[in-house]
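Trainee: I'd like to learn how to read a structure like this one. Could you walk me through it?

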Amino acid sequence: MPPLDRRSFLAGAGATALAWPGIAAAQGSGEPDIVVVGAGAAGIAAARRIAAAGRRCVVVEATDRIGGRCSTDTAIFGVPFDRGAHWLYGADINPVVKLAAGTGLDVYAAPPGQRVRIGRRYARESELEDFLAIVVRAHRAITEAARGKADVSCLQALPKDLLDWRASVEFIFGPLLYGKDLRELSAVDVSKAAERDQGAFCRQGVGALIERLAGGVTVRLSTPVTRINTWVRGKVEVETPRGTLVARAAIVTASTGVMAAGKIRFDPELPKRHVDAFARLGLGSQEQVVLELAGNPLGLQRDDLIYEKADGPRSAALLANMGDTPLCMVQLGGRLGRDLAGQGEAALVDYAQEWLAKLYGADIRKAVRRTHATRWSQAPFVMGSASAAAIGGYGARAALAEPVRDRVWFAGEATHETQWGTVAGAWLSGERAAEAAMRKLGYITTPRSAGEPAREAPRKPRSRPAPARPPAPPSWPF
Ligand SMILES: Cc1cc2nc3c(=O)[nH]c(=O)nc-3n(C[C@H](O)[C@H](O)[C@H](O)COP(=O)(O)OP(=O)(O)OC[C@H]3O[C@@H](n4cnc5c(N)ncnc54)[C@H](O)[C@@H]3O)c2cc1C
């Protein structure tokens, strides 16, 4: 069973998290300069940037916790596991990894390599080479198609002759990586996505890391924003069931799913360009089923990553023995993920066990102790996993980066042109929006310094000529 030594191939603890104490107390000694809506990675990054500039900022969060799609649970299994983002990509340049060094949390490199299961055995080296060559060819075809005059779906872009690896390729480039089936995915959007390689894990969890990075940030939990009013000259009013905050600007980081569902009303209404952009950047579905397996019955190492040679769309991927715990995560997505999540947690757990039993034998079921499945597509303040542009929808990402009436800025993973769908992209987008808002308000007047976040992410897009090293499908499934 040859491990393929090229994973990249595939390529507050201290936060002031308060229950709402009433509007007067919320505003403390005066109005905040900027209100940030949402305490996920983008919102916390924005708030830190605003605070670093010496400005007053309040983060208003709908749920009762910090982190959004970065969510670490320790209660269910007694050890931490990530319900949302788990891989930190491009560890050498990832802003969150860089900041982790000062938190006391432990970030370690994900082991290289992955294995492919063909029925009850692992792929031989020659079979793996065939698979990886086909993966590279598929990705090149998507990149080539993206250079055409009109955008096409990733399904249209795929070569016809993917032999008996077709179902695996469709699963990896679709539900697993981007949460949508290939026919719904824009070739341009996928070709622009930065490589998801050089992964790292946080032993205490990515959610715990974002929470730790929120130290010192004022966050009002359990406070959903319902309306944002920009009629008043020079002000923005942010309404919640617990009162209204008044500030000079707002940065909104709610997911495109939440925005498209109209959960936040705008007065006056948002420009059509923004409304269309939210619709075009709909969220995919990615769900994770965590199984506690007694006695390592799969015989795998820490953080081993397993794909299967699929024979149809009902596939999944496995991350075994996460962080040296007995927890194994089965990851699935797309229409199947959304359907199962709609049916309930039991349906997801059943599916994961059935899939694992198919690959490792029915006795695996006997080793299963506790289980848990996420249902992100049902979470009312997320409504999916991450954005993926509809065909022709790539330009929507730049449209969202434009402010509304110079009072409201949008941030969040969907607004990042190359690192969309990732924690790093969300973080960078938050910093970028904070900087843009503060420049517009005159809070920052100095020229951009070398240390300030660039408008564009430092990661290279994949639309450049085909690299010698194969590009990125998944070292990280989601
Ligand atoms: C299952 C899964 C696995 C993933 N795996 C990875 C991975 O391994 N690596 C990776 O890099 N990325 C991964 N991602 C993607 C990553 O989690 C996201 O890109 C990133 O966390 C998004 O951050 P954000 O701040 O843009 O949005 P969010 O995290 O969604 O934050 C927005 C916040 O706004 C709040 N909010 C919404 N509406 C309102 C309202 N009306 N009022 C107030 N607050 C509101 C929400 O509650 C939320 O806290 C994964 C995502 C999922 C779901």
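Trainee: How many bridges join strand β11 to β12, and which way do the two run?

Mentor: Before that, some housekeeping: this is a predicted model, where local features need pLDDT of at least 70 and side-chain atom pairs count only at pLDDT 80 or more, while totals for chains, interfaces and linings use all residues. Residues are numbered from 1 along each chain as its sequence is written, and side-chain values use heavy atoms, with hydrogens and water left out. Strands are DSSP runs of E with at least two residues, helices are runs of H or I with at least four, and both are numbered from the N terminus. Two strands pair if DSSP finds at least two bridges between them. Here β11 (residues 227-229) and β12 are antiparallel and joined by three bridges, with Ile228 standing opposite Val238 in β12.

Trainee: What lies between β11 and β12?

Mentor: Six residues, and the two strands form a hairpin. Look at Gly234 in the turn, which has a positive phi of about 75°.

Trainee: And how does β12 pair with β13?

Mentor: Also in the antiparallel sense, over five bridges, with β13 covering residues 243-247. The hairpin joining β12 to β13 goes through two residues. One pair to find is Glu239 and its bridge partner in β13, Thr244.

Trainee: Which residues of β12 are on its covered face, and which on the uncovered one?

Mentor: The general idea is that side chains in a regular strand alternate between the two faces of the sheet. In β12 (residues 236-240), Val236, Val238 and Thr240 make up the covered face, and Glu237 and Glu239 the uncovered one.

Trainee: Next topic, salt bridges. How many does a search of the whole structure find?

Mentor: Side chains of opposite charge can pair when their charged atoms come close. The cut-off is a side-chain nitrogen of Lys or Arg within 4 Å of a carboxyl oxygen of Asp or Glu. The search finds 25. One of them is between Glu31 and Lys235, at 3.2 Å from N to O. This pair links distant parts of the chain, 204 residues apart: Glu31 is in the loop between α1 (23-27) and β2 (34-37), and Lys235 in the loop between β11 and β12.

Trainee: Are Glu31 and Lys235 buried or exposed?

Mentor: Buried means under 20% relative accessible area, exposed over 50%, and partly exposed in between, using a 1.4 Å probe and protein chains only. Glu31 is partly exposed at 33%, and Lys235 is partly exposed at 28%.

Trainee: Why can Arg439 and Glu435 meet, and where are they?

Mentor: Both sit in helix α15 (residues 423-440), and because they are four residues apart, about one helical turn separates them. Their salt bridge is 3.0 Å from N to O. Glu435 is buried at 4%, whereas Arg439 is partly exposed at 27%.

Trainee: Which residues are linked in a network of salt bridges?

Mentor: Arg227, Glu239, Arg265 and Asp267. You've already met Glu239, on the uncovered face of β12.
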